[in-house]
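Q: I should like to learn how to read the features of a protein model. Could we work through one together?

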Amino acid sequence: MNDKKRIAWCITGSGHYLKESIEIILTLKNVDLFLSKAGEEVLKWYDYSLEDFKSKGIKVFKDITSSSAPVSLLYEGVYKLIIVSPTTSNTIAKMSYGLSDSLITNMFAQAGKCKIHSIVFACDTEPTVITQAPKKSVTLYPRDIELENYEKLKKFKNVDVVDDVVSLNKALGEWI
Ligand SMILES: Cc1cc2nc3c(=O)[nH]c(=O)nc-3n(C[C@H](O)[C@H](O)[C@H](O)COP(=O)(O)O)c2cc1C
């Protein structure tokens, strides 16, 4: 494994598995954060400060350009792995249909085109999901379309789609 290369960790606007994702991020030495616009907002909802990440030497890239300029780092060979975790049903839908109209969907699409491996932690993977809203737990019932998009993404080459923290850690373990 090339240890000089970094991991690009993409956070979308999901409260589900946000805490668990951040706990893993903080154990990694060679990671940069990429945030969707909603991801940046949701971090605030759950009382996370970007300054805390930056103080630990983690670079933070926000979704502020129409062309998703930070994807050029993929062309420069900076990253060995892309992780999208947690992933909203919105981003799963876009990725599974090949759309790239935001920083995170562009990171995923361009990683695929550069043959860089991706790990995607999908949240809406079962008919019933208990999720953590900012102030309480909520039970949600993902629709058929969300479950279909998840199944569709699982067929992508060079992509591990995981649905729990144990599988995420296992997939990640091969790269660190
Ligand atoms: C507090 C909060 C928590 C949210 N949690 C989730 C979630 O767990 N899963 C999800 O699919 N969307 C969730 N959303 C909605 C997404 O943020 C919204 O669909 C957004 O457009 C997703 O954009 P993105 O996929 O570009 O990050 C949440 C929104 C808020 C305000």
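**Reading a strand, a ligand site and the cysteines**

A: Let us begin with a strand. In this predicted model, strand S5 (residues 117–122) is mostly covered, as six of its six residues are buried.

Q: Which residues of S5 lie on one side, and which on the other?

A: The two faces of a strand are read separately. On one side of S5 are His-117, Ile-119 and Phe-121, and on the other are Ser-118, Val-120 and Ala-122. These residues are all buried, and both faces of S5 are thus covered.

Q: In which sense do S4 and S5 pair, and over how many bridges?

A: Strands count as paired if at least two bridges are found between them. Strand S4 (residues 79–87) pairs with S5 in the parallel sense, over five bridges. Within this part of the model, Ile-82 stands opposite Ser-118 of S5.

Q: How many bridges join S5 to strand S8?

A: Four bridges join S5 to S8 (residues 159–162), and these two strands run parallel. One can also look for individual partners: Phe-121 has Val-162 in S8 as its bridge partner.

Q: Let us turn to the ligand. How many residues surround the ligand, and which are the closest?

A: The ligand is surrounded by 14 residues, and the closest are Gly-13, Ser-36, Thr-88, Ser-89 and Thr-91. By class, the shell around the ligand has four nonpolar residues, ten polar ones and no charged ones.

Q: Which atoms of the protein and the ligand should I examine for polar contacts?

A: A polar contact is a pair of N or O atoms within 3.5 Å. A polar backbone atom of Gly-15 lies 3.0 Å from a nitrogen atom of the ligand. For His-16, a backbone N or O atom is 3.2 Å from an oxygen atom of the ligand. In Thr-91, an N or O atom of the side chain is 2.5 Å from an oxygen atom of the ligand. The ligand taken alone exposes 650 Å², of which the protein buries 66%.

Q: Which elements give two or more residues to the shell around the ligand?

A: They are helix H2 (37–45) and helix H5 (89–96). H5 gives the most, with three residues.

Q: How many disulfides does the structure hold, and why is Cys-114 not bonded to Cys-10?

A: A disulfide requires two cysteine sulfur atoms within 2.5 Å. The structure holds zero disulfides. The closest cysteine sulfur to that of Cys-114 is in Cys-10, but it is 13 Å away and therefore too far for a bond. Cys-123 is in no disulfide either, since the nearest cysteine sulfur, that of Cys-10, is 14 Å away.

Q: Are Cys-114 and Cys-123 buried or exposed?

A: Cys-114 is partly exposed, with a relative accessible area of 30%. Cys-123 is buried, with a relative accessible area of 6%.

Key: Residues are numbered from 1 along each chain as its sequence is written. This is a predicted model: local features need pLDDT of at least 70, side-chain atom pairs count only at pLDDT 80 or more; totals for chains, interfaces and linings use all residues. Side-chain values use heavy atoms; hydrogens and water are left out. Buried means under 20% relative accessible area, exposed over 50%, partly exposed in between (1.4 Å probe, protein chains only). A residue is near a molecule or strand if one of its heavy atoms lies within 4 Å of it. A polar contact is a pair of N or O atoms within 3.5 Å; within protein, one must be able to donate a hydrogen and the other to accept it, and residues adjacent in sequence count only if both atoms are side-chain atoms. Accessible areas come from the Shrake-Rupley method with a 1.4 Å probe; for residues, only the protein chains shown count as cover. Ala, Val, Leu, Ile, Met, Phe, Trp, Tyr, Cys and Pro count as nonpolar, Asp, Glu, Lys and Arg as charged, and the others, Gly among them, as polar.
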